[in-house]
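Dear colleague,

I am passing this structure on to you, with some notes on what turned up in it. Please have the structure open while you read.

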Amino acid sequence: MRWEETGEPNLARVVITHGTLEQAIEIAVAENGRPRWVQFQRWSDANPEKQWRLQPSGGYLDDF
């Protein structure tokens with residue numbers, strides 16, 4: 001696992017490695033330190049063209 005700078009304030013990126021696979025996850029953090037949302041690329045055909053490809057996935061975090 002390694003952390004990378006994104007150049008954006010309050011946004012971090014962590015890259016997790018398992019064997020030869022890598023997954024980058026972006027995490028937005030609020031001023032109070034709570035995570036606001038996460039985003040990562042996933043292999044999916046959930047798009048209008050029904051084509052398999054990497055596409056953004058993730059969601060907002062709340063109810064702390």
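A good place to start is Asn-47, which is buried, with a relative accessible area of 7%. The value falls under the 20% cut-off for burial. Please keep in mind that this is a predicted model.

Where is Asn-47 placed? The residue lies in the loop between E4 and E5. Its side chain reaches the backbone oxygen of Gln-51 at 2.7 Å. The side chain of Asn-47 also makes a polar contact of 3.0 Å with the side chain of Gln-55. If neighbours within four places in sequence are left aside, Asn-47 is in contact with Arg-53 and Gln-55.

Next, the strands on either side of that loop. E4 pairs with strand E5 (residues 53-60) in the antiparallel sense, over 8 bridges. One position to look up is Gln-41, whose bridge partner in E5 is Pro-56.

E4 (residues 35-44) is also joined to strand E3 (residues 21-29). Here 5 bridges are found, and the two strands run antiparallel. Within this pairing, Glu-26 has Gln-39 in E4 as its bridge partner.

How many residues stand between the strands in the hairpin of E3 and E4? There are 5 residues between them, and in this hairpin Gly-33 takes a positive phi near 95°.

To recap, E4 is bridged to E3 and to E5, and the loop between E4 and E5 holds Asn-47, a buried residue whose side chain has a polar contact with that of Gln-55.

Regards

Note on methods
Residues numbered from 1 in each chain as written. Predicted model: local features only at pLDDT ≥ 70, side-chain atom pairs only at ≥ 80, totals over all residues. Heavy atoms only, no water. Pairing = 2+ DSSP bridges. Helix = DSSP H or I, 4+ residues; strand = E, 2+ residues; numbered from the N terminus. Buried < 20%, exposed > 50% of the residue type's maximum accessible area, 1.4 Å probe, protein only. Polar contact = N/O pair within 3.5 Å; in protein donor to acceptor, adjacent residues only side chain to side chain. Contact = heavy atoms within 4.5 Å.
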